Amino acid sequence: MNPLLARALSGLLSLLPTRSDLAAMRGRPRRDLLAGLTVAVVALPLALGFGISSGLGAEAGLATAVVAGALAAVFGGSSLQVSGPTGAMTVVLVPIVHAHGPSGVLMVGLMAGVLLLLLAAARAGKYMAFVPAPVVEGFTVGIACVIGLQQIPAILGVPVPDEEKVAPAALAAVRDYLGAPDWPAVTLALAVAGLMLAGARWRPAVPFSLLAVAAVTIAAETTGLDVDRIGTLPAGLPAPSLGFVDPSALSSLIAPAVAVAALAALESLLSAAVADGMTVGQKHDPDRELFGQGLANLASPLFGGVPATGAIARTAVNVRTGATSRLAALAHAVVLAVIVFTAAPLVSRIPLAALAGVLLATAVRMIEVGSVRAMARATRSDAVVLVLTACATLILDLVQAVVIGLIVAGALALRAVARNARVDEVPLHHDDGASGSHDAEEHALLAEHIVAYRLDGPLFFAAAHRFLLELSEVADVSVVILRMSRVTTIDASGSLVLKDAIEKLERRGITVLVSGIRDGHHRPLEALGVIGRLDATGRVFATTPEAIAAARELLHGTGVLPAPGPARAEGPPEPAGEAARESAGGASPEEAPPTALPL
């Protein structure tokens, strides 16, 4: 078999379920089935609510929870992940519905599924580790605010305003309500949200969301409250269909599909990481998780569902209730399928305000106040990134918010690294080979005419210009020695700035010597002509003592220092200290041949 084909086949097989997955499902089936039932009870009102919020209806949310939940459970990279419709995905889908209608959302789901499969094939899952924690935290806070604002019309019992952005839509809904205030919808929504929040503190393992929805639904039925209901639901899932595919719409849907795929990847991998942190010995496969989410998003639109992703809240419930394998997430999807086929008439009587209350409480619980406060206090940069990402999520869209957060976090990190670059003047000590057996008068003359600077840290584009300003302020001397043994990295920008600094010093009649260049730094310096001319004239040295010896010989040759006498030819003292450590294994300063350098 062709080696390339064999490698591709091996990579594909690594993304498929294994025998160990099946063995794990047989380990503790009773615990997994009970956990799956509990998660299904929690997921039912969320699936209904997110389906309605997306604009495709409650049935779309249920179809997503069943189809995507089952496929992601089997093919995903986490044994404990629970997938389905989420609030974050709903936030992305609302503008797509406004711009392209329900058929556009279904097409976007298919395209996003293909993109996720390509990401899995490209092994892109590992790059999730490069998303900074403040970006994720700000992203979560922004999503929670958007979800909460989206529920305002349903909570107030007014029609959804024709506004694409959530903040203007919420304000318009408040104005409509104040024009004709009514209490039933508000009462039901706040009762559900209050019961969920209080119950979560009292008994976290109890599914208060379903209990609250059931209670207010019964109350609304028995009292005859005039509130909007979910409406008729189909008894079962629709047959697979590709009738909505419109090739002419592909070009306008590419950008939304990229946004949905990026969000599905980000949220799924984040949720899987959370599940790992809540358990001992569990570790998800990020590439396989992308593969499972890709299959889930390919299949979900075929049954009228919306794009899906890993759900952090449902995954957390799954872990807390004792799930040990994929059987729990698969059981959750099966239980929801049974509800779809057998209890659709009952579900259709649920008031919309009750589901709005569920989502409102979910939004509140998404914000970990302690975590946000700690991160905001960590550093000023972390606080800026967190707040900026949250605001961008609220004002723009989720993918743009993450991109902005990553750019700002990267810029602040570069600034912090650049601040570590220093240019320090280093005195000519005895252990540098500057004086040795020479008298104090000669040492004083050396100090007057030679100055050594140690470049410390990274010399790259973010730090280079500050470096040039500092180096250009060198006082009038005869020789400048640039010690580069502590330069950690250097790029093209740093090389060009160094070249510019050397040329400015030389135009002032100052001879520049360079010492201690690391092996890995020669390439950019030589490619940009920084040390080629210096090397050709003998001004590049392996160690600082050699450079100081050459500078001293230069000053002897020009008459600045008196010519060395016979006593000085007996041999140099042993070098010690930092500069000597640079020359370990090299020649001593006096052994360096005299170098005739023009001033």
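Trainee: Where does Asp500 lie?

Mentor: In this predicted model, Asp500 lies in helix H22, which covers residues 492-507.

Trainee: And is Asp500 buried, exposed or partly exposed?

Mentor: Asp500 has a relative accessible area of 27%, and because buried means under 20% and exposed means over 50%, Asp500 counts as partly exposed.

Trainee: How far is Asp500 from Val530?

Mentor: Along the chain they are 30 residues apart, while their C-alpha atoms are separated by 8.7 Å.

Trainee: What does the chain cross between when it goes through H22?

Mentor: Strand E5, residues 479-490, and strand E6 pair in the parallel sense over 5 bridges. The chain leaves E5, passes through helix H22 and arrives at E6, and this β-α-β crossover is right-handed.

Trainee: Which residues stand opposite each other in E5 and E6?

Mentor: Among them, Ile481 stands opposite Leu513 in E6, and Val480 has Val512 of E6 as its bridge partner.

Trainee: Is E6 enclosed or open to the outside?

Mentor: Strand E6 runs over residues 511-515, and 5 of its 5 residues are buried, so E6 is largely enclosed by the rest of the structure. If you look at its two faces separately, Thr511, Leu513 and Ser515 are buried on one side, and Val512 and Val514 are buried on the other.

Trainee: What about the other neighbour of E6, strand E7, how do they run?

Mentor: E6 and E7, the latter made of residues 540-541, run parallel and are joined by 2 bridges. Here Val514 stands opposite Val540 in E7.

Trainee: Let me step back to the whole sheet: what is the order of its strands?

Mentor: The sheet is open and has 5 strands in the order E3-E4-E5-E6-E7, with mixed pairing. Strands E3, residues 422-426, and E7 stand at the edges, and each has a single partner strand, so one side of each is left without a neighbour in the sheet.

Trainee: Which helix packs on that sheet?

Mentor: Helix H25, residues 544-557, packs on the sheet and touches E4, E5, E6 and E7, and its direction makes about 160° with that of E5.

Trainee: Which pairs in the sheet run antiparallel or parallel on the E4 side?

Mentor: E3 and E4 run antiparallel and are joined by 5 bridges, with Val423 opposite Leu455 in E4. E4 and E5, on the other hand, run parallel and are joined by 9 bridges, and there Pro458 stands opposite Thr489 in E5.

Trainee: How many residues of E4 are buried?

Mentor: In strand E4, 10 of the 10 residues are buried, so E4 is largely enclosed by the rest of the structure.

Trainee: Changing topic, what span should helix H4 have?

Mentor: Helix H4 has 18 residues, 58-75, and at 1.5 Å a residue it should span 26 Å; its end C-alpha atoms are 26 Å apart, which agrees. H4 is also mostly covered, since 13 of its 18 residues are buried.

Trainee: Last one, how many helices and strands are there in the protein?

Mentor: The protein has 26 helices and 7 strands, and buried residues make up 50% of its 599 residues. Of the contacts with a separation of 6 or more, 85% come from residues 24 or more positions apart. The protein exposes about 26,900 Å², and carbon and sulfur atoms supply 64% of that area.

Technical notes. Residues numbered from 1 in each chain as written. Predicted model: local features only at pLDDT ≥ 70, side-chain atom pairs only at ≥ 80, totals over all residues. Heavy atoms only, no water. Helix = DSSP H or I, 4+ residues; strand = E, 2+ residues; numbered from the N terminus. Expected span 1.5 Å × (residues − 1). Buried < 20%, exposed > 50% of the residue type's maximum accessible area, 1.4 Å probe, protein only. Pairing = 2+ DSSP bridges. Right-handed = clockwise from strand over helix to strand, strands pointing away. Contact = heavy atoms within 4.5 Å. Areas by Shrake-Rupley, 256 points an atom, 1.4 Å probe, with all protein chains shown as cover. Axes fitted to C-alpha atoms, helices over the stretch in contact; angles between N-to-C directions.
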